[in-house]
Amino acid sequence: MIIIMQPGATEEQVKNVIEHIEKHQLSAHTSIGVEQTVIGVVGENHDVSPSAFESLPNVQAVQRITEPYKLASRRFHPEDSCFLLDGFTIGSVEIPIIAGPCSVESRQQILELALAVKEAGANALRGGIYKPRQSPYSFQGIGEKGLEYLAEAKALTGLPIVVEVMAVSQLAAMVEFVDVLQIGTRNMQNFDLLRAVGETRIPVLLKRGMSATIEDLLMAAEYILAGGNYRVVLCERGIRTFEIATRNTTDINAVPVLKSLTHLPVILDPSHSTGHSKYVTAVAKAAVAAGADGIIVEVHQDPPHAISDGRQSLTPEAFAEMVIKVKAVAEAVDRHLVPSKILLPKEMNGVIHG
Ligand code: PEP
Ligand code: MN
C-alpha cells in the first residue's frame with residue numbers, strides 16, 4: 001500500500017502517519033518527492049485496509065500496489081531515483097562509465113589499469129577479488145589483499161571502486177573500502193546476502209540473474225530496499241537463451257521495461273552480455289540509446305593473458321574509442337557522459353611499480 005500525502009503536508013503529519021503504520025506492526029518507508037511525499041507501507045498484516053489511513057490529516061490518497069515489489073515500484077517513487085556517488089550522479093541526465101578488469105590480478109595490474117581507464121573517461125573502477133567461477137579449479141580471485149590494491153588505485157586516481165561481494169562473511173572487510181557493492185548474477189537470489197547488503201548504507205549494483213525474469217530482479221532489489229538501503233542500481237548483463245553465438249543474450253528490452261516499472265537507475269554490462277570484445281561497443285551504444293543510466297565494462301591491458309574474461313575485455317585503447325562512440329549516442333538522446341577530471345602529471349609518476 002502507498003499513502004500519498006497532500007502537497008504541503010507537514011513533517012508532523014508525515015510522522016503521525018508513520019506512527020499509525022507502525023502501530024499495525026507494519027513498516028514505513030518514506031519517499032520525499034519534489035511535489036509530494038509518498039509513504040510505502042510494507043509487511044504482512046491482512047487486517048489492515050486503506051481506510052485505516054485515509055482519514056488521517058493531510059492524507060490525499062491511499063492505494064494498494066498490486067505488484068509484488070513495492071519500494072522498487074515507480075508508483076512508490078514516481079521520479080527517477082538519483083544518487084550521488086563519488087564525484088558523479090547515477091540516475092540523472094549524466095551517464096557514468098564503470099570500467100576495469102574482470103579480476104584484480106596484481107597491484108601493478110590494477111594501478112596501471114586504473115590510470116588507463118580514468119584517462120580514457122571512466123568514472124569508477126571495477127575489479128573482482130572473489131570470483132564466482134564455474135569450475136572450482138579455476139582462479140577464484142586474489143581475495144582480501146585485492147582490497148588494498150583497489151584502495152591504492154582509488155587514492156591514485158580518485159575513482160570510486162565497485163567490487164563484487166559473494167558472501168555475507170566478506171562484507172565486514174568490504175564495507176571499509178568499497179564504494180559500490182556488486183551482487184553478481186549467480187547471487188541475485190542469495191536472499192541472506194541481499195538482506196545483509198540491505199543493512200549497509202553502501203550503494204549496491206545488483207546484476208540480473210542469468211535466468212531471472214525482470215520481476216525476479218525487482219524482487220531481489222526489494223530485499224535490499226526493505227532493509228533501508230535505497231541506493232540500488234540494477235544491471236542488465238545478458239540472459240541465457242538458446243543462442244550460442246554470444247555468451248549471453250543482451251535483453252535490451254529490459255532497459256525501457258525496467259525504466260517504466262521502477263525508479264531505480266538501470267545500467268548495462270555489454271561485456272558479460274556478449275562475451276566478445278568485438279561486440280561490446282555496439283551493445284554499449286544500444287544500451288545508452290535505449291535509455292540506460294550507465295555502462296559497466298571490462299577492460300584489461302593484455303586481454304589474451306587476462307586471468308578471467310579476457311575474450312570479452314577491451315584494451316584501454318579500444319575502451320577509449322568506445323567512450324567516444326557512447327558519448328555521441330548519449331548526446332543524441334539528450335544526455336551526456338560525466339565530465340572526466342583531467343589527470344595531473346604527478347598522479348602518473350612511477351607509483352605503479354614495486
Ligand atoms: C563480473 O562482473 O565479473 C561478473 C562475474 O559478472 P556476472 O555476475 O554478471 O557474471
Ligand atoms: Mn567478468
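These are my notebook entries on the metal site, cysteines, salt bridges, pockets and one helix residue of a predicted model.

**Metal site**

I began with the manganese ion (ligand 2) and looked up its donors, which are C102 through SG, H272 through NE2, E298 through OE and D309 through OD, at 2.0 to 2.4 Å. Reading along the sequence, I noted the spacing of these donor residues as C-x169-H-x25-E-x10-D. I then placed C102 and H272 and found that they link distant parts of the chain, with C102 in the loop between β8 (97–100) and α3, and H272 in helix α9 (residues 270–274), 170 residues apart. For exposure, I recorded C102 as buried at a relative accessible area of 3%, and H272 as buried too, at 7%.

**Cysteines**

Since C102 is a donor to the manganese ion, I also wanted to know how many disulfides the model holds. The count comes to zero. I checked C235 in particular, and the closest cysteine sulfur to its own is that of C102, 13 Å away, which is too far for a bond because a disulfide needs the two sulfur atoms within 2.5 Å. C235 is buried, and I noted its relative accessible area as 0%.

**Salt bridges**

My search of the whole structure gave 15 salt bridges, and I wrote down several of them individually. R75 pairs with E67, the closest N and O atoms being 3.8 Å apart; here I found R75 partly exposed at 33% relative accessible area, and E67 likewise partly exposed, at 22%. R74 forms a salt bridge with D80, for which the closest N and O atoms lie 2.4 Å apart, and D80 is partly exposed with a relative accessible area of 36%.

I next looked at R107 and E152, whose side chains meet in a salt bridge at 2.6 Å, N to O. This pair links distant parts of the chain, since R107 belongs to helix α3 (residues 107–120) and E152 to helix α4, 45 residues apart. I entered E152 as partly exposed, at 29% relative accessibility. Following shared partners from one salt bridge to another, I found R74, D80, K259, D293 and R335 joined into one network.

**Pockets**

For the largest pocket I noted a volume of about 460 Å³. Its lining is made up of 23 residues, of which P132, Q134, R186, R247 and D309 are the closest to the pocket centre. I recognised D309 from the metal site, where its OD atom coordinates the manganese ion (ligand 2). Sorted by class, the lining of this largest pocket has three nonpolar, nine polar and eleven charged residues.

The second largest pocket has a volume of about 300 Å³. I listed its lining residues, among them M1, L26, V41, V42, H46, R64 and K70, and by class I found six nonpolar, three polar and three charged residues in that lining.

**A155 in helix α4**

Last, I returned to helix α4 (residues 145–157) and asked where A155 sits and whether A155 is buried or exposed. A155 lies within that helix, and I recorded A155 as exposed, with a relative accessible area of 68%. I also took the distance from its C-alpha atom to that of L111, which is 10.0 Å, although the two residues are 44 apart along the chain.

Definitions and conventions. Residues numbered from 1 in each chain as written. Chains lettered and ligands numbered in written order. Predicted model: local features only at pLDDT ≥ 70, side-chain atom pairs only at ≥ 80, totals over all residues. Heavy atoms only, no water. Buried < 20%, exposed > 50% of the residue type's maximum accessible area, 1.4 Å probe, protein only. 1 Å grid on protein atoms, 1.4 Å probe; cavity = no way out; pocket = protein on both sides within 12 Å on 5 of 7 lines; lining within 4 Å. Points joined across faces, edges and corners; volume = space filled by probe spheres on them. Nonpolar A, V, L, I, M, F, W, Y, C, P; charged D, E, K, R; others polar. Helix = DSSP H or I, 4+ residues; strand = E, 2+ residues; numbered from the N terminus. Salt bridge = Lys/Arg side-chain N within 4 Å of Asp/Glu carboxyl O. Donors = N, O, S within 2.8 Å, 3.2 Å for Na, K, Ca; no water.
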